[in-house]
Amino acid sequence: MRRGLPSLTAQRVAAYRLSFDRLATPYGDPAADEALARDVAGQVPGEPSEIMAHYLQARTTFFDRVVINAIEREVSQVVMLGAGYDGRALRYANPTVRWWEVDHPKTQQDKRVRLRRLGITAEHVTFLGHDLEGGGLAAALIESGFQPGVPSLVCCEGLVVYLQQDAVELALAELRSVAAPGTRLAISLATSRDDDNTAERRQRFEAAVAALGEPARTRLSAEGAVGLFARRGWRPVEMSERSQRAGFVVVIPA
Ligand SMILES: C[S@@+](CC[C@H](N)C(=O)[O-])C[C@H]1O[C@@H](n2cnc3c(N)ncnc32)[C@H](O)[C@@H]1O
């Protein structure tokens, strides 16, 4: 993270999402999500790339589907880790669900200022400013009203690459300690096809995020994370080979 400043990579993702097809539901407020993304998009540096748009569209659809499935399963707690300017808590707001948005304090503060200025209320969201490099996630969630006995959904989208692997392991262990049976954790990891194009794309991605002051720190693919999930008490659910290769994984308590 850039010291003392909100995340530019999070702002970029929000800007990209403005042009994406999103899964629709009869509940929620997609217009509020779009208003926030438009507000953020105005200041985003750099030109969008077609390859990145393609990847982010797939990732967005995957997490939209995971969130909608959880709401349909009557999950009442959703935690968005490294939430950035993601507006799913608005887009898929539902009277039966409480949301927690955990993010670096500087990014979250900027998001909350924007929401206030835009007149978007989010009383169903608990904002938890928390540096995930430091530990203490489970305690912070419980202190803010999260109920460990209740099946929940945790989404961790576009975050792992920006954390040290130790911080990823610690977060997974802490989340496991508060995960009731029936909980799911959806996580995006590095893509795993190893051809020249993938290696070149990865290099370009890493150069771009380093230039934004948010260097890549962990390069874990779905395959590479199997041991880590097992060590921290999680078990991947069966997924299509395509999702696996794209690095989109859902795990449940082992
Ligand atoms: C690429 S953005 C993804 C945002 C969001 N999940 C999305 O897909 O739109 C990465 C996010 O990770 C957050 N982040 C990075 N390092 C963090 C840390 N040490 N603690 C908490 N959040 C962090 C940033 O603030 C940013 O919101």
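**Exercise 1.** What percentage of the 254 residues in the protein do buried residues make up?

*Solution.* The model is a predicted one. A residue counts as buried if 20 or more other C-beta atoms lie within 10 Å of its own. By that criterion, buried residues make up 41% of the 254 residues.

**Exercise 2.** Compare the radius of gyration of the protein with that of a compact globule.

*Solution.* The globule rule is 2.2 Å times the number of residues to the power 0.38. With 254 residues, this gives a value near 18 Å; the protein has 17 Å, which agrees. The C-alpha trace spans about 45 × 45 × 35 Å along its principal axes. Among contacts with a separation of 6 or more, 75% are accounted for by residues 24 or more positions apart.

**Exercise 3.** Test the length of helix H3 and describe its buried residues.

*Solution.* The protein has 10 helices and seven strands. Helix H3 covers residues 50-72, that is, 23 residues. At 1.5 Å a residue, H3 should span 33 Å, and its end C-alpha atoms are 33 Å apart, so the two agree. Buried in H3 are Leu56, Arg59, Thr60, Phe62, Phe63, Val66, Val67 and Ala70. In an α-helix, with 3.6 residues a turn, residues three or four places apart point the same way. Just after H3, Glu74 adopts a positive phi of about 65 degrees.

**Exercise 4.** Characterise the shell around the ligand.

*Solution.* The ligand is surrounded by 20 residues, of which Ser7, Ala10, Gly82, Gly84 and Thr107 are the closest. By class, eight are nonpolar, seven polar and five charged. Helix H1 (residues 8-17) contributes the most to this shell, with three residues.

Methods: Residues numbered from 1 in each chain as written. Predicted model: local features only at pLDDT ≥ 70, side-chain atom pairs only at ≥ 80, totals over all residues. Helix = DSSP H or I, 4+ residues; strand = E, 2+ residues; numbered from the N terminus. Expected span 1.5 Å × (residues − 1). Buried ≥ 20, exposed ≤ 12 C-beta atoms within 10 Å, placed from the backbone. Contact = placed C-beta atoms within 7 Å. Near = placed C-beta within 6 Å. Nonpolar A, V, L, I, M, F, W, Y, C, P; charged D, E, K, R; others polar.
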